[in-house]
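Here's a quick tour of a fold you might want to have on screen while you read. Pull up the model and follow along.

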Amino acid sequence: MQTARVLVAADKFKGSLTAVQVAERVTAGLRRVVPDARVETLPVADGGDGTVAAAVAAGFERREVRVTGPLGDPVTAAYALRGSTAVVEMAEASGLQHLPDGVFAPLTATTYGSGELLQAALEEGATTIVFGVGGSATTDGGAGMLAALGARFLDAEGKPVGPGGGPLAELAEADLSRLAPRLARIDLILASDVDNPLTGPKGAPEVYGRQKGASEEDIAVLDAALAHYASILGPDMAALPGAGAAGGIGYGALVALGARFRPGIEVMLDVLGFAPALARATLVITGEGSLDEQTLHGKAPAGVAAAARAAGIETVAVCGRLALPPEALEKAGISRAYALAELEPDPAVSMAQAGPLLERAAESIARDFLLR
């Protein structure tokens with residue numbers, strides 16, 4: 001029997017395990033059944049939280065800087081650097097994880113720190129920046145980010161408008177002339193798993209505002225403020241795919257920084273060196289915390305499975321919760337999914353014991369796919 005060569009390319013199990021920990025647990029389970037299994041791990045991410053960690057696991061250097069958090073307080077944020085390529089994750093600076101439990105600021109949370117994070121990467125000599133956007137606490141259209149990079153947003157009296165999306169209703173003038181000149185010479189890739197426009201029924205406030213603490217009234221205020229903001233900076237780009245990503249920071253990057261939008265998982269697979277790793281594999285194991293309808297729309301497991309199928313390599317998945325029928329999995333290129341919920345139906349226990357349960361699931365994969 002030919003020795004199987006397994007590539008573990010899974011995303012995090014949010015709230016339970018990082019992508020690195022998922023890879024470690026799957027490897028341990030496989031080797032419990034097949035001690036000499038040839039396993040290569042490549043933790044992946046789709047541009048959201050965990051993107052920097054995936055880059056570091058693939059050999060990038062982790063850099064930490066102090067930046068402005070979404071509420072205006074200093075926070076420590078990380079980005080990843082290898083040669084002249086940087087991976088910057090906006091959630092590191094402006095993500096929901098920086099909000100105290102139960103504290104939201106839907107109208108005033110700022111992306112200023114994300115701009116400071118981009119500036120730090122620029123100062124380290126990055127000429128290609130993969131800008132992963134997702135998991136934000138903000139809905140400011142990227143105005144804070146642009147302000148950190150030199151832009152000025154003024155009201156009718158010539159005074160700077162306040163932080164966040166709400167105050168953009170008072171915007172009278174946007175001065176982008178002071179943006180760092182080196183921004184024009186870099187390749188800025190907007191990496192996201194969502195393609196929403198900036199405003200409207202599918203826009204950033206309506207679709208994502210509630211998870212950031214916005215009331216129905218707040219959503220209306222933010223949508224109107226962002227529409228006004230776009231009318232000054234450039235309304236045409238507000239409808240582009242990705243403009244509504246991460247509270248509209250995608251729009252700011254597209255309209256003022258010359259960014260180009262690409263699906264996050266595609267970008268990250270390129271950056272992480274997935275293609276050569278895939279060429280060495282005979283079986284791919286991917287996964288994330290919940291395999292559901294969202295998975296099929298640009299999430300990491302779908303991207304991994306599509307690339308593997310194109311190369312003629314079988315893919316199976318691990319997950320905490322499975323909410324896709326077999327036909328949907330098959331259409332996505334996933335032969336079979338192993339859910340922790342099948343081993344432990346109590347969600348709280350399953351999350352708390354995700355590591356050991358995942359090892360058990362990997363043992364089943366080894367028996368089903370490595371010993372056949």
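## A glycine just ahead of a helix

Let's start with glycine 244, which sits in the loop between α7 (216-233) and α8 (245-256). Bear in mind throughout that this is a predicted model. Is glycine 244 buried or exposed? With a relative accessible area of 0%, glycine 244 counts as buried, because the cut-off for that is under 20%.

Who keeps glycine 244 company? Setting aside neighbours within four places in sequence, glycine 244 is in contact with Asn196, Pro197, Leu198 and Ala204. There's also a link across the chain: threonine 139 is 105 residues away from glycine 244 in sequence, yet the two are 9.0 Å apart in space, C-alpha to C-alpha.

## An odd alanine in α8

Step into helix α8 and you'll find alanine 246. Alanine 246 has a positive phi of about 50 degrees, although it is not a glycine. Alanine 246 is buried too, at a relative accessible area of 9%.

## The sheet

Now for the strands. Six of them make an open sheet, in the order β3-β4-β5-β6-β9-β10, with mixed pairing. The edges belong to β3 (61-68) and β10 (260-263); each has a single partner strand, so one side of each has no neighbour in the sheet. From one strand to the next, the twist averages 30 degrees.

Zoom in on the β10 end. Strand β9 (residues 187-192) pairs with β10 in the parallel sense, over four bridges. Which residue of β10 is the bridge partner of alanine 191? That's arginine 262.

## Helices on the sheet

Helix α4 (residues 112-123) lies across β3, β4 (74-82), β5 (85-89), β6 (128-132) and β9. Its direction is at about 140 degrees to β3. Helix α9 (residues 264-272) packs on the sheet as well, touching β4, β5, β6, β9 and β10. The direction of α9 makes about 85 degrees with that of β10.

Why call α9 largely enclosed by the rest of the structure? Because seven of its nine residues are buried. The buried ones in α9 are Gly264, Ile265, Val267, Met268, Leu269, Val271 and Leu272. Just after α9 comes glycine 273, with a positive phi of about 80 degrees.

## The largest pocket

How much space lies in the largest pocket? About 1300 Å³. Its lining takes in 47 residues, and Lys14, Asp193, Glu288, Gln294 and Lys299 are the ones that lie nearest the centre. By type, the lining splits into 15 nonpolar, 18 polar and 14 charged residues.

Several elements chip in to that lining: α8, β10, β11 (283-291), β12 (314-322) and α13 (347-352) each supply at least two residues. You've met two of these already: α8 is the helix that holds alanine 246, and β10 is an edge strand of the sheet.

## One more buried spot

Finally, head back towards the start of the chain. Threonine 27 is in helix α1 (residues 19-33). Threonine 27 is buried, with a relative accessible area of 11%. Which residues does threonine 27 touch, not counting those up to four places away in sequence? They are Val8, Val39 and Thr41.

Definitions and conventions
Residues numbered from 1 in each chain as written. Predicted model: local features only at pLDDT ≥ 70, side-chain atom pairs only at ≥ 80, totals over all residues. Heavy atoms only, no water. Buried < 20%, exposed > 50% of the residue type's maximum accessible area, 1.4 Å probe, protein only. Contact = heavy atoms within 4.5 Å. Pairing = 2+ DSSP bridges. Axes fitted to C-alpha atoms, helices over the stretch in contact; angles between N-to-C directions. 1 Å grid on protein atoms, 1.4 Å probe; cavity = no way out; pocket = protein on both sides within 12 Å on 5 of 7 lines; lining within 4 Å. Points joined across faces, edges and corners; volume = space filled by probe spheres on them. Nonpolar A, V, L, I, M, F, W, Y, C, P; charged D, E, K, R; others polar.
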